[in-house]
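Open the model in your viewer and keep the selection box at hand. The stops below go from the whole chain to sheets, a loop and charged pairs.

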Amino acid sequence: MTEEKQTFDSEQVVSNVSNEAQKGAKVVEMKESSPDGGSEKTLVEREDSGKNTEEVQMEWYILKVQSNREDSIKKTLERRVRIAGLDKYFGEIVVPTESVTELKGGRRKTTKQKLYPGYVIIQMEINEDTWYLVRQTSGVGDFAGAGGKPTPMMPHEVEKIMALSETKEEEEPKFKIGFKVGDQVKVIEGNFESYEGEVSNLDLANGRVTVMINIFGRSTPVELEYWQIESN
């Protein structure tokens, strides 16, 4: 009995490889010699890219954390995400803040103040791995949501927080003024000391307050520095 010689059609193999590649498949060519040491045959290993392509869908969530630890928890989360190799499931992690200017000792001092102490907003896809990583991070409480289920933030909510958090170079930080329009106040320093009146306008950019004061029987607007008055 004679042994049959292995044959192959090289053109057919090239055609097969080309067709597989056109289907979006990952094509791996492996050469195998025939027993008689003659020609080689090409084995095509096909891996459908469509089956392995994972679409990540991230949304914004509110995360309850320990107060006064917001910044350190943010850094810890970012570090743990990198170590776990889950970067593709996470976007930004933000501690919402705003710039506030106060006058201390006659000097302006601008500081960053947290808009929502005890909270961090995080952009991520919720799955078993990401949920476990976040919940097992020291200082993290839980996601904000109903019935223990994380509830994504609405787009307009995210935009509002981001707008407040961004300090634009052309904008002056706002002063922290503990008054609002309509408040009854008393002047404690300056030419109108001991006068009383009602707040009619606030200039947050310059730290000034306009107070309606009764002067000679007439209600007169007087502009004062916010530190020159106190609540009445």
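Two strands count as paired if DSSP finds at least two bridges between them. Helices (H or I, at least four residues) and strands (E, at least two) are DSSP runs, numbered from the N terminus. The model is predicted: local features need pLDDT of at least 70 and side-chain atom pairs count only at pLDDT 80 or more, while totals for chains, interfaces and linings use all residues. Residues are numbered from 1 along each chain as its sequence is written, and side-chain values use heavy atoms, with hydrogens and water left out.

**Whole chain**

Start with everything selected. The chain has five helices and 16 strands. Of its 232 residues, 29% count as buried; buried means under 20% relative accessible area, exposed over 50%, and partly exposed in between (1.4 Å probe, protein chains only). The accessible surface comes to about 15,800 Å², and carbon and sulfur atoms hold 46% of that. Accessible areas come from the Shrake-Rupley method with a 1.4 Å probe; for residues, only the protein chains shown count as cover. Among contacts in the chain with a separation of 6 or more, 56% are between residues 24 or more positions apart, where contact means heavy atoms within 4.5 Å.

**The five-strand sheet**

Select strands S12 to S16. In what order do the five strands lie in this open sheet? The order is S15-S14-S13-S12-S16, with antiparallel pairing. Strand S15 (218-225) and strand S16 (229-231) are the edge strands, each pairing on one side only. On average, neighbouring strands here are turned by 45° against each other, direction ignored. For such angles, axes are lines fitted to C-alpha atoms, for helices over the stretch in contact, and angles run from 0 to 180 degrees between N-to-C directions.

Now narrow the selection to residues 196-203 and 208-215. These are strands S13 and S14, which run antiparallel and are joined by six bridges. Show Glu198 and look across to S14: Met212 stands opposite.

**The loop at Val181**

Select Val181, which sits in the loop between strand S11 (174-175) and strand S12 (184-187). Is Val181 buried or exposed? Val181 is exposed, at 54% relative accessible area. Apart from neighbours within four places in sequence, Val181 is in contact with Val199, Ser200, Asn201 and Leu202. Add Val209 to the selection: the C-alpha atoms of Val181 and Val209 are separated by 9.2 Å, and the two residues are 28 residues apart along the chain.

**The four-strand sheet and helix H4**

Move to strands S3, S4, S7 and S8. They form an open sheet in the order S4-S7-S3-S8, and the pairing is antiparallel. Strand S4 (90-94) and strand S8 (140-143) each have a single partner strand, so one side of each is left without a neighbour in the sheet. The average turn between neighbouring strands of this sheet is 30°, direction ignored.

S4 and strand S7 (residues 119-124) run antiparallel and are joined by three bridges. Select Phe90, and in S7 the residue standing opposite is Met124. Next, colour residues 128-135. This is helix H4, which lies across strand S3 (59-65), S4, S7 and S8 and runs at about 140° to S8.

**Salt bridges**

Side chains of opposite charge can pair when their charged atoms come close. A salt bridge is a side-chain nitrogen of Lys or Arg within 4 Å of a carboxyl oxygen of Asp or Glu. How many salt bridges does a search of the whole structure find? The search finds six.

Select Lys114 and Glu70, whose side chains meet in a salt bridge at 3.9 Å, N to O. Lys114 lies in strand S6 (residues 107-114) and Glu70 in helix H3 (residues 70-84), so the pair ties together parts that are 44 residues apart in sequence. Lys114 is partly exposed at 33% relative accessibility, whereas Glu70 is buried at 1%. Add Asp71 to see the network of salt bridges that links Glu70, Asp71 and Lys114.

Stay on helix H3 and select Lys74 and Glu78. Their salt bridge has its closest N and O atoms 2.9 Å apart. The two residues both lie in H3, four residues apart, about one turn of the helix. Lys74 is partly exposed at 23% relative accessibility, and Glu78 is partly exposed at 28%.

Finish with Asp142 and Arg135, a salt bridge with the closest N and O atoms 3.4 Å apart. Asp142 counts as partly exposed at 25% relative accessibility, and Arg135 is partly exposed at 28%.
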